[in-house]
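User: Please take a close look at one part of this structure. Give me the numbers and the cut-offs behind them, and set the part in the context of the rest.

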Amino acid sequence: MEQKFCQSCGMPLTEDLLGTNADGSKNEEYCIYCYKDGAFTGDFTMEEMVEFCSQFVDEYNKNTGQNLNREEYKDVLRQFYPKLKRWQLPADQLPHATSPIKQQLIDEINAMDICGMPKIDNLFVLQGSFINMEYPINGNKVKFLDDNASYWGNQVEKQGVEGRCFGIACDEHHILVSEYGKDGVDAELVIFKRRE
């Protein structure tokens, strides 16, 4: 069977990673991280997509047996992406409609006014297993997300503190904000709240 790749980010497509059309059916061309509810989850240029996906160089190296650094991986992506459907379409043919809940979540997160966290302007679809960290709560290690679910999320650098980031994960029911160091070390839960 021929291996299919997401026509936006180049990720290998499997049945559980297929994006969704506006009617909820599976989309055979794009992954859930790039395409949800009939629209792209982020309005990227091709170079912005290269920058965003280059952070997954370790995953690429693991799957291909290569040992590329991030800049070398960007060069690979720059050669590969022009062959993908999304980057061949004229801008006016791209489905740029955004999910209404996405902007609502951005507004709610920014309204929290968390100390050191810059205002966010975008959220991306992320797999629970990729962002589901353990937090120390009353002497126990606790996870709050579902590994098998997808979430709207983002990561932003903490202002004024070198090497610390805020991670955001939310869906229609909850908003989670955490703080952590490089590769998720020393993760602390900042906020986990039910949406009104």
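Analyst: Start with E48, which is partly exposed at 40% relative accessibility. The classes are buried, under 20% relative accessible area, exposed, over 50%, and partly exposed in between, with a 1.4 Å probe and protein chains only. Accessible areas come from the Shrake-Rupley method with that 1.4 Å probe, and for residues only the protein chains shown count as cover. E48 sits in helix α1. Helices (H or I, at least four residues) and strands (E, at least two) are DSSP runs, numbered from the N terminus. From E48 to N122 is 74 residues in sequence, but 13 Å in space, C-alpha to C-alpha.

Some ground rules. This is a predicted model, in which local features need pLDDT of at least 70 and side-chain atom pairs count only at pLDDT 80 or more, while totals for chains, interfaces and linings use all residues. Residues are numbered from 1 along each chain as its sequence is written, and side-chain values use heavy atoms, with hydrogens and water left out.

Helix α1 (46–53) also acts as cover for another helix. Together with α2 (57–64), α1 is among the elements that cover the buried residues of α3. Contact here means heavy atoms within 4.5 Å. Helix α3 spans residues 70–80, and its buried residues are Y73, K74 and L77. They cover an arc of only 105° around the axis, so they lie on the same side of α3. The arc is that of the directions from the helix axis to the C-beta atoms. The background is simple: an α-helix has 3.6 residues a turn, so residues three or four places apart point the same way.

Now the main part, helix α4. How far apart are the end C-alpha atoms of α4? The answer is 17 Å; the 12 residues, 100–111, should span 16 Å at 1.5 Å a residue, so the two values agree. The expected span is 1.5 Å times one less than the number of residues.

I101, K102, L105, I106, I109 and N110 are the buried residues of α4. Viewed down the axis, they fall within an arc of 165°, so they line one face of the helix. The face turned away from that buried side carries the exposed residues P100 and A111. The cover over the buried residues of α4 includes three strands: β8 (150–157), β9 (165–170) and β10 (174–180).

After α4 comes D113. D113 lies in the loop between α4 and β5. Its phi is near 50°, a positive value in a residue other than glycine. As a rule, most residues other than glycine have a negative phi. D113 counts as exposed, because its relative accessibility is 59%. D186 offers a second case: its phi is positive, about 55°, and D186 is not a glycine either. D186 belongs to the loop between β10 and β11 (188–194). At a relative accessible area of 60%, D186 is exposed.

Past the D113 loop, the chain enters β5, residues 124–127. In a regular strand the side chains alternate between the two faces of the sheet. Both faces of β5 are covered: F124 and L126 are buried on one side, V125 and Q127 on the other. β5 runs antiparallel to β8, joined by 4 bridges. Two strands pair if DSSP finds at least two bridges between them. One bridge partner is known by name: L126 is matched with Y151 in β8. So β8 appears twice in this picture, as partner of β5 and as part of the cover over α4.

Just ahead of β8 is N148, in the loop between β7 (140–142) and β8. N148 is exposed, at a relative accessible area of 70%. N148 and A169 are 21 residues apart along the chain, and their C-alpha atoms are separated by 14 Å.

Finally, the whole. The protein chain has 5 helices and 11 strands. Its radius of gyration is 17 Å, close to the 16 Å of the globule rule for 196 residues, so the chain is as compact as a globular protein of that length. That radius is taken over C-alpha atoms, and the rule is 2.2 Å times the number of residues to the power 0.38. Buried residues make up 43% of the 196.
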